[in-house]
Amino acid sequence: MQSPVSYKIVASPQITRAGLLRPSIGLALVSLLGFGLLYSLVGTGLGRGLFPAQATGSILDAQGHVAGSSLVAQPFADPRYFQPRPSAAGYDPMAAAGSNQSRGNPDLRKRIDETRAAVAVRDGIAPADVPADLITQSGGGLDPHVSPRGADVQIARVAQARGLPPATVAELVKRHTEGPQLGLLGEPRVNVLRLNLALDALPAATQAQ
């Protein structure tokens, strides 16, 4: 016969309210200070150190004052400047959005036809020659770029308004044409604000030609 097995009953430690609160408060403090404060400070510091321009909004300076951000489109009413893509948000960064209109929407077709006609008159080209990016809105409504073709069709107007040789403006467009990122991602594009600031930075003698 097997001998009976004996069990020793050990009293469990008494659980107190303080014993429950201490680790909870400790975890909350570590989460708040570690992830809510220190992580944010380290991330911000690394961003400012490694990418100072991008971390502060890619702000562009023009003769001592802020001209805008290279990441956000803005309108230019003066014919001396290149124009960006249309914006469903009215170029308002606080209202960034597309039109959300489908291709079959008659209002979209009407707007595109009207914009095409206006761009053709503005730049002195045939409606069929208006690039698609000058009559369509981007998804965010704030795309700061146009295609090289979208810039090329504006060269004659800008050159005439500034009294510049078209070749001078064309060379500036060429210098400000960005290639695909890493040589693979996206299409060639021209940042409108950077190009317009470069136009304003031309020597006075050049602009007086």
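## A walk around the chain

Buried residues make up 29% of the 209 residues in the protein chain. Keep in mind as you click along that this is a predicted model. With the whole chain selected, the exposed surface comes to about 13,900 Å², and carbon and sulfur atoms supply 62% of that. Color by secondary structure and you'll get eight helices and five strands. Reading from the N terminus, the elements go α-α-β-β-α-β-α-α-α-β-β-α-α. Among contacts between residues at least 6 apart in sequence, 57% join residues at least 24 apart.

**Stop 1: helix α1**

Select residues 17–50, which is helix α1; leucine 38 is in there. Now show Leu21, Ile25, Leu29, Leu32, Leu33, Leu37, Leu38 and Leu41 as a surface: together they make a nonpolar patch of about 790 Å².

**Stop 2: glutamine 74**

Next, go to glutamine 74, in the loop between β2 (65–69) and α3 (106–123). Is this residue buried or exposed? Neither, quite: glutamine 74 is partly exposed, at a relative accessible area of 25%. Leave out its neighbours within four places in sequence, and its contacts are Ala67, Gly68, Pro84, Tyr91 and Leu193. Then put a distance label between the C-alpha atoms of glutamine 74 and leucine 142: they're separated by 7.6 Å, though their positions lie 68 residues apart along the chain.

**Stop 3: the aspartate 143–arginine 85 pair**

Stick with loops and pick aspartate 143 and arginine 85, which form a salt bridge whose closest N and O atoms are 3.3 Å apart. This pair ties together distant parts of the chain: aspartate 143 is in the loop between α3 and β3, arginine 85 in the loop between β2 and α3, and they are 58 residues apart. The two partners fall in separate burial classes, since the cut-off for buried is under 20% relative accessible area. Arginine 85 is buried at 15%, while aspartate 143 is partly exposed at 23%.

**Stop 4: the three-strand sheet**

Select β3, β5 and β4. They form an open sheet in the order β3-β5-β4, with antiparallel pairing. Which strands stand at the edges? Those are β3 (145–146) and β4 (177–178); each has a single partner strand, so one side of each has no neighbour in the sheet. Zoom in on β3 and β5 (residues 189–191), which run antiparallel and are joined by two bridges. Valine 146 has valine 190 in β5 as its bridge partner. Now add helix α7 (residues 192–200), which packs on the sheet, touching β3 and β5, with its direction at about 60° to that of β5.

**Stop 5: salt bridges around helix α3**

The count of salt bridges comes to six. For one of them, select arginine 116 and aspartate 113, where the closest N and O atoms are 3.3 Å apart. Both sit in helix α3, and being three residues apart, they are separated by about one helical turn. Arginine 116 is partly exposed at 26% relative accessibility; aspartate 113 is partly exposed as well, at 46%.

Finish with arginine 122 and aspartate 123, whose side chains meet in a salt bridge at 3.0 Å, N to O. Aspartate 123 is buried, at just 7% relative accessible area, whereas arginine 122 counts as partly exposed at 33%. Add Arg157 to the selection, and you have a network of salt bridges linking Arg122, Asp123 and Arg157.

Methods
Residues numbered from 1 in each chain as written. Predicted model: local features only at pLDDT ≥ 70, side-chain atom pairs only at ≥ 80, totals over all residues. Heavy atoms only, no water. Helix = DSSP H or I, 4+ residues; strand = E, 2+ residues; numbered from the N terminus. Buried < 20%, exposed > 50% of the residue type's maximum accessible area, 1.4 Å probe, protein only. Contact = heavy atoms within 4.5 Å. Pairing = 2+ DSSP bridges. Axes fitted to C-alpha atoms, helices over the stretch in contact; angles between N-to-C directions. Patch = residues over 30% accessible without salt bridge, like charges linked within 9 Å, V, L, I, M, F, W, Y side chains within 5 Å. Areas by Shrake-Rupley, 256 points an atom, 1.4 Å probe, with all protein chains shown as cover. Salt bridge = Lys/Arg side-chain N within 4 Å of Asp/Glu carboxyl O.
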